[in-house]
Structures are given as C-alpha cells and as structure tokens.
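Please look through the sequence and the model shown below, and then follow the description from a single residue out to the whole assembly.

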Amino acid sequence: MVEPGTAARILRRPAARLCLAVLAAVALAAAIGPELFPESYREPGPLQYAPPSWAHPFGTDLNGRDVFYRVLLGARISLVVGLAGALISLFLGSAYGLIAGYAGGRTDNVMMRLVDILYSVPRLIFILIFINAFDGHVRNFAAQVDWPWLMSYSRIVILIITLGLIEWLTMARIVRGQVLALKERPFTQAALVLGQSHAKIILRHLLPNILPIIIVYLTLTVPAVILDESFLSFLGLGIQPPQASWGSLLSEGAQSINPLKIYWWLLFFPAATMSATLLALNYLGDRLRDTLDPRR
Amino acid sequence: MLRLIIRRLPALAFVLFCVVTLTFFLIRLAPGGPFDRERKIPPAIEAQLLAKYKLDGPVWKQFTGYIGDVARGDLRLSTKYRNRSVNEILAQTLPVTFALGGIAFILATVSGIWLGAFAAVRRDTVSDRLAMGVALLGLSIPMFVVGPILVLVFGLWLKWLPVGGWGSPAQIVLPAVTLALPFAAVIARLMRTSLLEVLNQDFIRTARAKGLTDRKILYKHALRVAILPVVTYMGPLAAHLLTGSIVVETVFNIPGAGGFFVHSILNRDGFLLGGVVIVYCSMLIVFNLLVDASYALLDRRIRVDG
C-alpha cells in the first residue's frame, strides 16, 4: 500500500518538483491557453514564416498561423490522447493480469504466451491500417446518428481506442506478477477459507494491493501513448490538418528543413514542448516506481 | 533447440495466418478502392482491371485464392505500381530496410549494454546519474526530432555527413544512430537494473571471496547472467526497429520498404501492404524463435517450453 509520506518523499528532490511544475504548466497552458489568443491569431494570416518575435514568440508557419497557438492546440490533443489511451490500457491490462495471475496454471500459461506473441508483433503497423480502415465508417455512422462531435473527432476517438488496445501488455505482465505473489499470502488464503467469492477476493483484496503499481505504470504508459500518437501523426496517418498534435506539427517542422532556408522554430518549439513533457512524465514515473516497487 | 523450433512451428504458422487475414480484410474495409481516380473508369475497363489483379468474384474466394498464392510465395501484383510485382518491389527495398535495422540493432544493443554496465558499476556516482540522465533523454525525445536535429547539425551546419539518401557508408551513420538511440536508452536502463541485482547475489560474493579482480567478476560472471533481460527484450526490439525504420526512412529519404508501406495504405494497395506485413511479421517470428533458442543456450537453468 502507499504510505502517506510517499509523495512528499519523492517531491523532496528538486528535479521532481521541476518535473511536476513543467507538467502542470503544460497541462494548464493546453487547457486554457488557446482560449486566451485574440481571434486574429487563430486563423491563417499574411505573415508567412516569420521568425520568433514579441508578437509571435514561437514564430509563424507556412500559412501565417501563430506557432505558439498551434503548439498549445497540439498539446491539448496529444495530452488527451495520451491520458485516455493510457486509461483504457490500464483497465485492459490490469483486468487481464488479474485474471491470468489469479487463475494460474494452464490459463495463465496460455494468456501470457499470447502477451509474448503480441509483444513481438509490430503493433503500430496494425494501428495504421486500422485507423485508415475505420475512419470513414465512423464518420458515416456519426453522420447517420447526427453526432457532430464524433464527425470532427473521429480520428482522435479511433486513435485513443486503438492505442489503448495495444499498450496494455506491460501492465498485464506487471499486474500478473504481483497477483501471483499476493495469491499465496495468508490474507488471500484466509478470505478463500472464509468462503468469499473469487470476484470479491480479486476486487476487495488483490486490487487495492496492486493499485500503487498500477498507478506507477499509468504514469509510464502516458508518455508511451503520446509517443505512439506522434509517430502516427508524423507519418501523416494520425491526426489530420487543420487539427494539430505534436506529431503533426513536428512533421511540418521536419519538412521545412532544407539547405536553402532553415525555419528552425517550426521544429524547435513543438519538439521542446513535447520532449519536456515526456521527460517530466518519465522521470516522475521512474521515481514513483523506485519508491513503490523497490524490487525493480 | 531443434525440438523447441519444431514445437513452436504450428503456433507461429497460426500467428502468421491471423496477420495475413487481418490485413486482407482490414484494407478492404477502408473506403475507396485501389482503382479510384479523379475520372471515373468505364465499367468494362474496371472489370478487366479487377480480373487482372484477381479482385473479382466473391470475397471469400478472393481470400482463399490469395492465401494459396502467398503459401506458394507469390505476393501478387501491386495495384499502384503498375506491372510490378510485390515480390519485385520487396526484393529491391527490403535489403535496405534490413541493413538499416541490423546496423541499428547492433548499435543499440552494444552501446546500451555498455552504458548500462558503466552506470551499474559506478552506482550512485555522478557518472551513473549522468548516464541514466542521458538514457532518460534518449527515451523521451522521439526519433523524428532527433533525426532532423542531427541533419541540421551534422549535415547542414558542420557538413560532416550527408543529409540523406542511401548507398555510401557515410550515409548510413545518421539514420542508424537516429534509429538506435531510443532503444539504446531502453537497453541501458534494463542492463543497469539487472546488473545491480546480479552484483548483489551470492555467487558474486563467492567470486569476490576467491580473490578475483572486479574486472574478471564483471566479465566472466556477472555480465553473462545480467544480460538475460536484454536478450528477452531483443524480440520486441526487432519489432520496434522495423516500426521505427518507417519514420527514419522518411526523414532521411532512404529507399526502403517503409515508404512503400505508408503509401500502400493511402493507395489501398492491398497486396503490397499484405506483402510488407507478411515479410515483416515472418522476419520477427523467426527472429523471436532464435532469441528464445539463444536464451536457453545462455542460461542452462532455464527450460523454454513450447
């Protein structure tokens, strides 16, 4: 179980406090930042490829849009996809791990063998195919039932679900390992002897005990999902313009590098924001793991 | 070892079958067909095209026909790159992808193992913190950021290395480093954790009591055992490298299979897509089998069950 002083112990390190501050700043900026921009900043303007200045601190892009505004919009989508995808993977992974570990024996063997196989399949490649196969159908469906939000966010919804569907493997492995150990502990045996149902034992006795580990791996899954999303968007097969995510912004930035003229701000600012966020998440996740799971 | 391979074979064939089936039907679900152009093609010509590419008749018949062809090693014609067979395209592009992936694989494992061992031996010193900081950085910066930055610095400013293309050894350096970097970071972290654990075990204490030097203990006893988690990671690593190579090939303009893969999805070029996926997956399956086999060789205590 989490001891009360855990958070305080981690935050005693200055680096951890810095990471938390970075995350809070990025999340806050993504949540309310885009609304603070005046109307003229949100639309394409006449000022193409302007370098960073006071009026446009991150410069402007090919269409004269303010890059700072775009980066915040991208942060919104990237963070939402990362968090929601990680949450889906958390439910799937912990349910799978709980069942496999608790059942044990042959069931456990087969279930974990499946995880091994899935580990070695290039899963992102299937996501690419998946998104492109289902996007049109989801849009049609949205048009039929008249859900305008699903029309405009169909790709994001599919992204969240499919990324959640592939990132649960590590969670399943970790949870299963924990359950295998907890299962043999006296309190589980006692609950069994007292005649409690398996479902109750899993939910009341095992789940609370593995919750800290689940939370640790949640913090480590969020950056993984954000990276996956940016990978797909970078290839032009994830988030589509005019919407933006960090991956699609970076793709525009990478294309703008050529020997004649280097628009470095198109690459630098999205890259710096994204890397700082991922670094902070990974660092905090690591510290949490070291504190809560000293075995690893 | 041979027995292990034979026992795994049916399951692996089944996995491959699932992969082929999934790809075949998913690309058909996508809206738009392979022959959609801006101008509508006359129905007679379209029927002819469909027949030529064996896309006519009921879907299940198309499917069984395709499975049969694949089993014979014929991956059929690409519907986009007219009159070129998928086998031909893959024969040209896969060596490039595999060369890039192979070099990155060696780079990632060697540098990762070295960095992890370096940090573990100097546990809790400044060098350790620095090494692990670098690893965390490598883990957090996506390769499509590292790639353009390396191009910018070494290609355009310093002009030490070519910015892209494929053929000369100098052109391999930047893409291979870009591809290897995040995985070197993962391996370094794995290696550090594992070596720290091993160094605390009894047999190391025994070796030390015997009076062996630190060097000998590390190289003769500890590394051999500590490397096992890294070996387990090699299977997923190969999968990640193949996926990553798609991005790296785009960034560095390398004529590998990655570009064809992306375009085959956009063009609804089902057979080309299927070909790439089949080859990628069978490569990975064979590779994983080898990893499992070598795992058993490295540590005699482990029995790998089929």
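In this predicted model, a good place to begin is B:D128, which counts as buried because its relative accessibility is 3%, where the cut-off for a buried residue is under 20%. This aspartate has its place in helix 5 of chain B, and, when residues up to four places away in sequence are not counted, B:D128 touches B:A119, B:R122, B:R123 and B:R192.

From this one residue the view can widen to chain A. Chain A holds 12 helices and zero strands, so that reading along its sequence gives the pattern α-α-α-α-α-α-α-α-α-α-α-α. Of the 296 residues in chain A, 51% count as buried, while the accessible surface of chain A comes to about 13,900 Å², with 67% of that surface belonging to carbon and sulfur atoms. As for how chain A is held in contact with itself along the sequence, residues 24 or more positions apart account for 70% of those contacts in chain A that have a separation of 6 or more.

The next step is the interface between the two chains. Here 46 residues of chain B are in contact with 42 residues of chain A, and the area buried between chain B and chain A is about 3,700 Å², of which carbon and sulfur atoms give 80%. Within the area that chain B buries against chain A, B:L26, B:S140 and B:F144 supply 16%, which is more than any other three residues do.

Which side chains meet in a salt bridge across this interface? The count between chain B and chain A is one salt bridge, and in it the side chains of B:R189 and A:D286 meet at 2.7 Å, taken from N to O. Across the interface of chain B and chain A, the rule for polar contacts finds two residue pairs, both at pLDDT 80 or more.

On the side of chain B that touches chain A, the elements that give two or more residues are helix 1 (2–29), helix 5 (126–140), helix 6 (143–157), helix 7 (169–199), helix 10 (228–252), helix 11 (257–266) and helix 12 (270–298) of chain B. Sorted by class, this side of chain B has 34 nonpolar, eight polar and four charged residues. Helix 5 of chain B thus appears twice in this account, as the place of B:D128 and as one of the elements on the side of chain B that touches chain A.

Note on methods
Residues are numbered from 1 along each chain as its sequence is written. Chains are lettered from A and ligands numbered from 1 in the order in which they are written. Side-chain values use heavy atoms; hydrogens and water are left out. Helices (H or I, at least four residues) and strands (E, at least two) are DSSP runs, numbered from the N terminus. Buried means under 20% relative accessible area, exposed over 50%, partly exposed in between (1.4 Å probe, protein chains only). Contact means heavy atoms within 4.5 Å. Accessible areas come from the Shrake-Rupley method with a 1.4 Å probe; for residues, only the protein chains shown count as cover. Buried area is the accessible area (1.4 Å probe) that two parts lose on being put together, summed over both. A salt bridge is a side-chain nitrogen of Lys or Arg within 4 Å of a carboxyl oxygen of Asp or Glu. A polar contact is a pair of N or O atoms within 3.5 Å; within protein, one must be able to donate a hydrogen and the other to accept it, and residues adjacent in sequence count only if both atoms are side-chain atoms. Ala, Val, Leu, Ile, Met, Phe, Trp, Tyr, Cys and Pro count as nonpolar, Asp, Glu, Lys and Arg as charged, and the others, Gly among them, as polar.
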